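Q: Can you walk me through this structure? I've got it open and want to know what to look at.

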Amino acid sequence: MKQILCYGDSNTHGYDAFTGGRLDYTRRWTGRVQKALGEQSLLCEAGLNGRTCGFEDPEVPGRNGRAMLNCALQTHKPLGAVVLMLGTNDCKTCYRADGPAIAGEMEKLVEQVAQFARLTGCAARTLVVAPPPLGAESTAFRYFNAQSLAVSRSLSALYRDLAARHGAAFADAGTWDIPLDFDGTHFTPEGHRRFALRMEQELRTLLGL
């Protein structure tokens, strides 16, 4: 059995923009992929609302992804793969971060996984996923503006490059036609279904399932 750590933000957690709660496990992309892969794998969910690649949230503590990653890696070892999908929250205006700065923080996460693998002898493969860019609707909320949209659209190429430099796999969810909710940020239930179909393919290829 291959254990797969899915390390991300609210779209890995399964945040429901309409209720403010969490989508049922059977409707979240992680639950759908788990069902599809069956006993070949065990998906370890580690999604947290508001998580960034490496920035400290000025309002809510504990959202710095770099600070929490090692704990997640140690908790769920041994690991066959680590899926890193972060960057959306880093586009918030409060962080004043451009694309290269966010990609630099993602690169630190990739390096952290590699270091973990070396120290533990764990043959974990890394899959860097560029999240779908923000929708225009997101600018109606105080967290994002037009610059946030532009930064979110720049992450795909930057993530592709850093994944190549580190020998990590890469997937661009921005090309997967994922529907976003009214807030222009979170996957709709249909978005989770479509994302799961593509992620299943990526993981089967990555792990030879």
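A: Sure. Keep in mind that this is a predicted model. A good place to start is the surface, where Phe18, Phe141, Tyr143 and Phe182 form a nonpolar patch.

Q: How much accessible area do those four have together?
A: About 420 Å².

Q: And where does Phe141 sit?
A: Phe141 is in the loop between β4 (125-130) and α5 (146-166).

Q: Is Phe141 buried, exposed or partly exposed?
A: Partly exposed, because its relative accessible area is 35%, and the partly exposed class runs between 20% and 50%.

Q: OK, switching to salt bridges. How many are there in the whole structure?
A: A search of the whole structure turns up ten. One of them pairs Glu45 with Arg28, with the closest N and O atoms 3.0 Å apart.

Q: Which parts of the chain does that pair tie together?
A: Glu45 is in strand β2 (residues 41-47), while Arg28 is in the loop between α1 (10-13) and α2, so the bridge ties together parts that are 17 residues apart in sequence.

Q: How accessible are Glu45 and Arg28?
A: Glu45 counts as partly exposed at 25% relative accessibility. Arg28 counts as buried, since its value is 7% and buried means under 20%.

Q: Anything with Asp177?
A: Yes, Asp177 forms a salt bridge with Arg194, and the closest N and O atoms are 2.9 Å apart. This pair links distant parts of the chain: Asp177 is in the loop between β5 (169-172) and α6, Arg194 is in helix α6, and they're 17 residues apart.

Q: What about exposure for those two?
A: Asp177 counts as exposed, at 58% relative accessibility. Arg194 counts as partly exposed, at 27%.

Q: Which residues are linked with Asp177 and Arg194 in a network?
A: Glu190 and Arg193 belong to that network of salt bridges with Asp177 and Arg194. The side chains of Glu190 and Arg193 meet in a salt bridge of their own, 2.8 Å from N to O.

Q: Where are Glu190 and Arg193?
A: Both lie in helix α6, three residues apart, which is about one turn of the helix. Glu190 is partly exposed, with a relative accessible area of 30%, and Arg193 counts as partly exposed too, at 34%.

Q: Speaking of α6, how does it pack with α2?
A: Helix α2 (residues 29-37) and helix α6 (residues 189-207) pack at an angle of about 45 degrees, and their axes are 8 Å apart. That makes α2 oblique to α6.

Q: Why oblique and not roughly parallel?
A: Because roughly parallel is kept for angles under 35 degrees, and this pair is at about 45 degrees.

Q: Left-handed or right-handed crossing?
A: The crossing of α2 and α6 is right-handed.

Q: Let's go inside. What can you say about Ala81?
A: Ala81 is found in strand β3 (residues 81-85). It's buried, with a relative accessible area of 0%. The C-alpha atoms of Ala81 and Ala124 are separated by 4.6 Å, although the two residues are 43 residues apart along the chain.

Q: And Leu69?
A: Leu69 is in helix α3 (residues 65-76). Leu69 is buried, with a relative accessible area of 0%.

Q: How far is Leu69 from His166?
A: They're 18 Å apart in space, C-alpha to C-alpha, and 97 residues apart in sequence.

Terms used. Residues are numbered from 1 along each chain as its sequence is written. This is a predicted model: local features need pLDDT of at least 70, side-chain atom pairs count only at pLDDT 80 or more; totals for chains, interfaces and linings use all residues. Side-chain values use heavy atoms; hydrogens and water are left out. Patches are made of residues with over 30% relative accessible area and no salt bridge: like charges are joined within 9 Å, nonpolar side chains (Val, Leu, Ile, Met, Phe, Trp, Tyr) within 5 Å. Accessible areas come from the Shrake-Rupley method with a 1.4 Å probe; for residues, only the protein chains shown count as cover. Helices (H or I, at least four residues) and strands (E, at least two) are DSSP runs, numbered from the N terminus. Buried means under 20% relative accessible area, exposed over 50%, partly exposed in between (1.4 Å probe, protein chains only). Axes are lines fitted to C-alpha atoms, for helices over the stretch in contact, and angles run from 0 to 180 degrees between N-to-C directions. Angles under 35 degrees count as roughly parallel, over 145 as roughly antiparallel, 65 to 115 as roughly perpendicular and the rest as oblique. A crossing is left-handed if the near helix is turned anticlockwise from the far one by less than a right angle, and right-handed if clockwise.
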